[in-house]
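Grab a pencil and open the viewer. Work through each exercise yourself before you read its solution.

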Amino acid sequence: MTDQTQFFGFRIPEALYLQAGEHIDRVIAGDIDRTLVENIAASLMAITDTGLVAYYNNPRDLIRISPVVKKAADAGIQAVMMGIHLVIRMVINRAPDSELQMMALYMKTLLTSDGQGHY
């Protein structure tokens, strides 16, 4: 193993990447207001949805499964995503600024471009 950090990630649209980076920077700077909190939740949900496509939809589409199994699996994933969206909104909306800043610092480590640092 090398001294490099290893990743298993997925692509996100450039606009989402830039938007999330802007939100992270504003939170870290302490420029937090109600609109930003709502935008942060929306960005996290969009990133989660993009991850779902990468980790569920794309692999699912590579194999043959019966329509009944596909429909059941898709319904289960949809229910899980609704729950995840609910949790994201609840956590982000209720978090004090100091916790939002801790989360933003962590998210900054995850948001990279071609594995080369941060936005």
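## Exercise 1: Helix H2

Task: list the buried residues of H2, then describe the helix's length and any bend.

Solution. Start with the buried ones: H2 buries Leu36, Val37, Ile40, Ala41, Ser43, Met45, Ile47, Thr50, Gly51, Leu52, Tyr56 and Arg60. Keep in mind that you're looking at a predicted model.

Step two is length. H2 has 29 residues, and from first C-alpha to last it reaches 42 Å, which is close to the 42 Å expected at 1.5 Å a residue.

Step three is the bend. Follow the axis along and you'll meet a kink of about 35°, centred on Val53.

## Exercise 2: The whole chain

Task: how many helices and strands does the chain have, and what percentage of its residues count as buried?

Solution. Count the elements and you get four helices and zero strands. Reading along the sequence, that gives the pattern α-α-α-α. Now for burial: the chain has 119 residues, and 24% of them count as buried.

## Exercise 3: An aromatic pair

Task: find the aromatic pair, say which way its rings face, and work out which parts of the chain the pair ties together.

Solution. First, the search. Going through the whole structure turns up one aromatic pair. Its partners are Phe10 and Tyr55, with centres 5.5 Å apart and planes at 85°.

Next, the geometry. A pair of aromatic rings is described by the distance of the centres and the angle of the planes. Planes over 60 degrees apart count as edge-to-face, so the 85° of Phe10 and Tyr55 makes this pair edge-to-face.

Then, the location. Phe10 sits in the segment before helix H1 (14-28) and Tyr55 sits in helix H2, so the pair ties together parts 45 residues apart in sequence.

Last, accessibility. Partly exposed covers the range between the 20% and 50% cut-offs. Phe10, at 31% relative accessibility, is partly exposed, and Tyr55, at 39%, is partly exposed too.

## Exercise 4: Salt bridges

Task: how many salt bridges are there, and which parts of the chain does the pair Asp25 and Lys108 link?

Solution. Here's the idea to start from: side chains of opposite charge can pair when their charged atoms come close. The cut-off you need is a side-chain nitrogen of Lys or Arg within 4 Å of a carboxyl oxygen of Asp or Glu. By this rule the count is seven salt bridges.

Take Asp25 and Lys108: their side chains meet at 3.9 Å, N to O, in a salt bridge. Asp25 is in helix H1 and Lys108 in helix H4 (residues 97-110), so this pair links distant parts of the chain, 83 residues apart. Asp25 is partly exposed at 35% relative accessibility, and Lys108 is partly exposed at 29%.

Now try Asp31 and Arg26. The closest N and O atoms of this salt bridge are 3.0 Å apart. Asp31 is partly exposed, with 40% relative accessibility, and so is Arg26, with 23%.

Finally, look at Glu38 and Arg34, whose side chains form a salt bridge at 3.9 Å, N to O. Both residues lie in helix H2, four residues apart, which is about one turn of the helix. Glu38 has a relative accessible area of 45% and is partly exposed; Arg34, at 46%, is partly exposed as well. Elsewhere, salt bridges that share partners join Arg60, Asp61, Lys70 and Asp74 into one network.

## Exercise 5: Ile63 and its patch

Task: is Ile63 buried or exposed, and where in the chain is it found?

Solution. Locate the residue: Ile63 is in the loop between helix H2 (34-62) and helix H3 (67-94). Check its relative accessible area, which is 53%. Exposed means over 50%, so Ile63 is exposed.

Now see who joins in. Leu62, Ile63, Ile65 and Val69 make a nonpolar surface patch of about 400 Å².

## Exercise 6: Apart in sequence, distances in space

Task: how many residues separate Met90 from Ala41 in sequence, and what is their C-alpha distance?

Solution. Met90 is in helix H3 and is partly exposed, with a relative accessible area of 36%. Met90 and Ala41 are 49 residues apart in sequence, and their C-alphas are 9.0 Å apart in space.

Do the same for Asp49, which lies in helix H2 and is partly exposed at 31%. Asp49 and His85 are 36 residues apart in sequence and 9.3 Å apart in space, C-alpha to C-alpha.

How values were computed
Residues are numbered from 1 along each chain as its sequence is written. This is a predicted model: local features need pLDDT of at least 70, side-chain atom pairs count only at pLDDT 80 or more; totals for chains, interfaces and linings use all residues. Side-chain values use heavy atoms; hydrogens and water are left out. Patches are made of residues with over 30% relative accessible area and no salt bridge: like charges are joined within 9 Å, nonpolar side chains (Val, Leu, Ile, Met, Phe, Trp, Tyr) within 5 Å. Accessible areas come from the Shrake-Rupley method with a 1.4 Å probe; for residues, only the protein chains shown count as cover. Helices (H or I, at least four residues) and strands (E, at least two) are DSSP runs, numbered from the N terminus. Buried means under 20% relative accessible area, exposed over 50%, partly exposed in between (1.4 Å probe, protein chains only). Rings of Phe, Tyr and Trp (its six-membered ring) pair if their centres lie within 6.5 Å; planes under 30 degrees apart count as stacked, over 60 as edge-to-face and the rest as tilted. The expected span of a helix is 1.5 Å times one less than its number of residues. The bend at a residue is the angle between axes fitted to the seven residues ending there and the seven starting there.
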